[in-house]
Amino acid sequence: MADSDSGEWSDQPSNWPGHGQWSDVRKLASSRTSPTHRRISSEGVTLSSRALAADTPGLTGPSSVLPESKQWLPIMGAVEPVNSSMPTTAANWSEGGDLGSISFTASPNVTSTSTSQYHQTPNSIEKFPNPSSQDTRPRPSPMQFEDVPMGYYSPAGSSQSMFSPRGRFQHNWTDSHTNLLNTPSTTAWRSPRTPPPYSVLIPPIKRWWHWWPAWSMYLSFIFGVSCAIGHHTFYKALDGRPADAQIAMLRYGTVLSYAAKAGLVAAVVFAFRQRIWTTVRTKFLSVAALDSLFAATEDMSALFNIEVYRRAKAAMLLAAFIWLTPIIIILTGNTLTVRPALRVDNTTCPGIRTLNFSQEEFEQWRTPTKINGLFGLSVSYWNTTSTNTSSPDWFDYYTGASNPLTRITTQATFIEQAVSKRGANVDICGSGWNCTYTVNFTAPAYKCSELSSGVGSEIKPLGNQKAPDGFSTRLLIPEGDYSYYAYTGGGDYSIPQMETGEGGVPTTNPPFPKTLGAFRTEPAIWIGYSMRSNPDETAPLNKSMPGWNESFIPKVIGCEHYEADYTVLFNLTGGQQIINVTDLEFQRRVIDTTWLQGEDANDGTNDNTTAYPKSNYVYPRDVHRYRRVAAFHSIGLQLRNFLNGTTDSHQLNNPIVKTKADQTMLLDPGHEYFAYPNLLDLIPSLYEDMIFSLFSNQQFLSVVWAAKPDVVSGTAVGDDSTKYPCVRSRLENVYSYHERDLWIVYSIAILLAAAGVISGTFAILENEGVLRSTRFSSIVAATRGPALEKLGWVGEDRGNVPQDVKSLKVGYGIVQRASGLGVIQEATRNPERVALEDGGIRYGFGLEGDVQQLRSQVRSEGSLFRQR
């Protein structure tokens with residue numbers, strides 16, 4: 001140990017007792033067979049540095065030159081001794097010069113020669129006696145303290161012994177969070193020639209399924225996208241459905257929208273935090289800009305700093321996205337609206353009725369049908385030949401149309417449409433609904449055709465029936481005086497049939513005439529009318545004026561009474577009844593006979609009508625057929641009564657009306673009561689309105705249930721047994737989902753969030769996989785140390801930082817302080833924890849010039865720090 005490389009103080013003579021033994025100890029410790037240097041702390045925690053191979057991965061082996069001695073010194077992680085002949089001691093020196101606890105681990109082949117001076121035990125060492133005041137010796141070089149990261153010695157959450165420069169060990173319990181706050185967690189007290197205590201902690205192998213904090217960014221993004229898809233699915237399910245519970249549905253949609261926004265923002269906030277640290281690790285920003293950068297997502301005033309946009313563009317773009325994301329909730333909330341829509345349901349309705357005139361055949365007026373306390377109404381009135389219904393001469397015969405029928409048909413004529421029952425919409429369709437339905441029934445109908453047109457034209461026969469005598473176009477203007485001439489009573493049933501007493505009983509004794517009450521023929525309708533040649537021009541007022549003959553065209557039409565099959569579509573909408581005959585098939589004439597004009601019957605009745613064949617007469621004793629024909633005759637009589645008569649128009653500006661037709665829709669009061677040009681179609685239409693008006697009074701015997709046509713309905717309310725197919729419809733508020741608008745908003749938000757996540761991923765990679773946050777502990781850990789202590793942070797009482805401090809450029813990196821040795825030691829296991837021989841360098845915030853920041857070329861060399 002007397003060689004020149006053993007150091008200065010080792011060559012001087014020893015005045016301490018036991019110096020020889022101490023030399024032996026040094027020899028023993030410096031033996032090349034000793035693989036380990038070990039220091040035992042006062043708490044019994046062994047810190048060791050095991051010699052490793054020179055090419056051991058993960059450890060660096062640089063060396064540096066001590067300027068004073070010009071000799072090689074080992075640094076943390078060195079694997080070769082400085083000099084093979086240089087002894088190495090593991091002695092630790094206290095600040096006052098006392099020798100502390102010492103332990104040596106020697107090879108089994110090496111035997112100590114100084115066992116009398118100390119006892120070597122695994123966990124304890126007997127201290128040397130204090131040197132006498134007479135034996136003095138030069139004090140060794142000052143002990144160097146080195147900051148050794150806690151993470152190198154023990155896992156997080158373990159008990160650590162911390163050395164204090166005051167000579168005391170302190171026992172603390174630390175975890176991963178407090179490690180951030182601990183600037184050196186332990187202090188290695190050693191001689192400059194003693195290798196630093198060092199142990200390699202092999203981190204536990206992490207499987208792919210183990211939690212990694214960065215996953216929260218990706219999971220938040222996936223959560224946001226999932227909520228957006230759920231929002232779309234929810235609104236898609238509501239589209240077109242009735243807008244029930246609107247407030248609740250909109251709230252649910254808002255919750256999904258907010259959740260989608262929250263997930264995307266959470267992912268971007270995570271990326272923003274990583275981007276902040278990437279920025280401050282590579283750029284210097286003023287304190288004011290750093291204030292704005294760290295508060296950009298929560299303080300609106302932070303967005304008005306111009307410098308932060310120049311120095312941290314990517315981070316500020318992420319912050320701008322975070323501030324704008326509330327628009328997602330606003331815009332997506334408007335993608336579900338309410339609109340009126342026509343709802344159509346093919347269903348059944350309980351109150352639908354139809355017509356069945358067979359009920360007239362079986363009705364007995366002496367014992368009338370009564371439903372819900374109301375009598376059934378017939379369309380005909382009856383006389384009788386005897387009060388004794390058992391008399392062989394007794395029978396009932398027709399005497400005229402009933403008053404209820406007259407009232408209904410008159411009302412239909414005046415309002416120019418079929419009369420509808422009040423509340424029919426609710427009774428049939430249901431409250432708030434419209435409905436349509438189609439019914440089929442057999443009823444009377446007039447079949448009309450044009451028989452003549454033009455001055456002097458010949459009138460064609462109507463079937464087998466010739467025009468009434470004297471009826472020609474010469475009666476009509478321009479040749480005649482009439483603009484309208486209708487003859488509707490030829491061969492009509494005579495009322496009364498005979499001289500009768502009370503109840504229509506004939507005053508004569510039986511036997512009664514065979515044709516008493518018989519329907520011999522059904523009168524045809526003959527109508528002649530004139531049309532204007534030029535309706536838009538002013539016509540001459542009389543025959544004396546020029547152009548009279550050319551101004552009018554006479555026409556003749558004829559109509560026969562038929563029994564027909566109707567197919568009718570009823571449309572009940574908004575309380576209005578619209579009826580459309582979709583199909584009409586004429587079956588047979590009501591009475592299949594031909595009236596013979598000018599031939600009297602002379603059969604003992606007041607009815608002198610003669611028709612052929614007489615075999616087709618309908619007699620009262622043929623009760624069912626007779627009553628059916630009587631019903632049709634009564635209805636036809638109502639139309640014929642309105643049509644019969646004339647309009648004298650020889651003086652055009654002063655027509656003389658002698659008909660009820662002026663009360664109908666057939667004559668035009670705006671054109672001197674001339675008939676409408678489409679009179680041929682208007683007559684059947686007027687008759688249909690009269691027939692359909694029977695539905696307005698449900699007491700008529702012919703009004704029956706559509707589902708049960710053999711049952712008279714009366715005024716009863718329909719039930720399940722009377723349900724009949726119908727189509728119900730109504731305008732109702734339904735949800736309307738604007739899918740395109742929602743996905744435009746979400747697509748933009750998701751793409752921007754994805755870009756933010758990608759930016760955050762690159763930031764993590766640039767940070768060497770180290771995840772950072774802006775929590776209090778992280779900020780404190782990054783700002784502790786002497787690098788920022790020289791600034792005048794003291795401001796006003798309110799805690800504001802002086803303006804001159806805010807303008808200083810600050811960055812994050814290796815904070816350097818000059819060292820007497822000039823040695824920068826590297827820690828490749830955690831590149832952000834750096835120690836200098838005097839503890840003067842650490843990783844944190846510092847002023848520009850005091851901080852060495854990371855550059856891409858440094859990272860590309862495999863280590864964040866290079867030897868200087």
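The exercises below work through the disulfides, salt bridges and overall make-up of a predicted model.

**Exercise 1. Overall make-up**

Task: State how many helices and strands the protein chain has, what share of its residues is buried, and what its contacts and exposed area look like in numbers.

Solution:
- Step 1. The secondary structure comes to 17 helices and 33 strands.
- Step 2. The protein chain has 868 residues, and 47% of them are buried.
- Step 3. Of the contacts with a separation of 6 or more, 72% are between residues 24 or more positions apart.
- Step 4. About 42500 Å² of the protein chain is exposed, and 53% of that comes from carbon and sulfur atoms.

**Exercise 2. The disulfide of Cys349**

Task: Find which cysteine is joined to Cys349, and determine the handedness of the link and where the two residues lie.

Solution:
- Step 1. The sulfur atom of Cys349 is 1.9 Å from that of Cys726, and the two form a disulfide. The cut-off for a disulfide is 2.5 Å between the sulfur atoms.
- Step 2. The torsion about this S-S bond is about 70 degrees, so the disulfide of Cys349 and Cys726 is right-handed.
- Step 3. Cys349 is in strand E10 (residues 336-349) and Cys726 in strand E28 (residues 724-737), so the disulfide ties together parts that are 377 residues apart in sequence.
- Step 4. Both Cys349 and Cys726 are buried.

**Exercise 3. The remaining disulfides and the pattern**

Task: Describe the links of Cys429 and Cys448, then give the disulfide pattern of the protein chain.

Solution:
- Step 1. Searching the whole structure gives three disulfides.
- Step 2. Cys429 is joined to Cys435, with an S to S distance of 1.8 Å. This link has -55 degrees about the S-S bond and is left-handed.
- Step 3. Buried means under 20% relative accessible area. Cys429 has 2% relative accessibility, so Cys429 counts as buried. Cys435, with 0%, also counts as buried.
- Step 4. Cys448 is joined to Cys559, with an S to S distance of 1.9 Å. The link of Cys448 and Cys559 has 110 degrees about the S-S bond and is right-handed.
- Step 5. Cys448 belongs to strand E16 (residues 434-453) and Cys559 to strand E19 (residues 552-573), so the pair ties together parts 111 residues apart in sequence.
- Step 6. Cys448 counts as buried at 17% relative accessibility, and Cys559 counts as buried at 0%.
- Step 7. Counting the bonded cysteines along the chain gives the pattern 1-6, 2-3, 4-5.

**Exercise 4. Salt bridges between distant parts of the chain**

Task: Take the salt bridges of Lys236 and Glu672, name the partner of each, and locate the residues in the chain.

Solution:
- Step 1. The whole structure holds 22 salt bridges. The cut-off is a nitrogen of Lys or Arg within 4 Å of a carboxyl oxygen of Asp or Glu.
- Step 2. One of the salt bridges pairs Lys236 with Glu739, where the closest N and O atoms are 2.9 Å apart.
- Step 3. Lys236 is in helix H3 (residues 215-238) and Glu739 in helix H14 (residues 739-766), so this pair ties together parts that are 503 residues apart in sequence.
- Step 4. Lys236 counts as partly exposed at 43% relative accessibility, as does Glu739 at 30%.
- Step 5. Glu672 pairs with Arg532, the closest N and O atoms being 2.2 Å apart.
- Step 6. Glu672 sits in the loop between strand E25 (667-668) and strand E26 (674-675), while Arg532 is in strand E18 (residues 525-532). The two residues are 140 residues apart and link distant parts of the chain.
- Step 7. Glu672 is partly exposed, with a relative accessible area of 27%, whereas Arg532 counts as buried at 14%.

**Exercise 5. A network of salt bridges**

Task: Describe the pair Glu732 and Arg730, and say which residues belong to the network of salt bridges.

Solution:
- Step 1. The side chains of Arg730 and Glu732 form a salt bridge at 2.9 Å, N to O.
- Step 2. Glu732 has a relative accessible area of 11% and is buried, whereas Arg730 has 23% and is partly exposed.
- Step 3. Arg730 and Glu732 are linked with Arg343 and Asp345 in a network of salt bridges.

How values were computed:
Residues are numbered from 1 along each chain as its sequence is written. This is a predicted model: local features need pLDDT of at least 70, side-chain atom pairs count only at pLDDT 80 or more; totals for chains, interfaces and linings use all residues. Side-chain values use heavy atoms; hydrogens and water are left out. Helices (H or I, at least four residues) and strands (E, at least two) are DSSP runs, numbered from the N terminus. Buried means under 20% relative accessible area, exposed over 50%, partly exposed in between (1.4 Å probe, protein chains only). Contact means heavy atoms within 4.5 Å. Accessible areas come from the Shrake-Rupley method with a 1.4 Å probe; for residues, only the protein chains shown count as cover.
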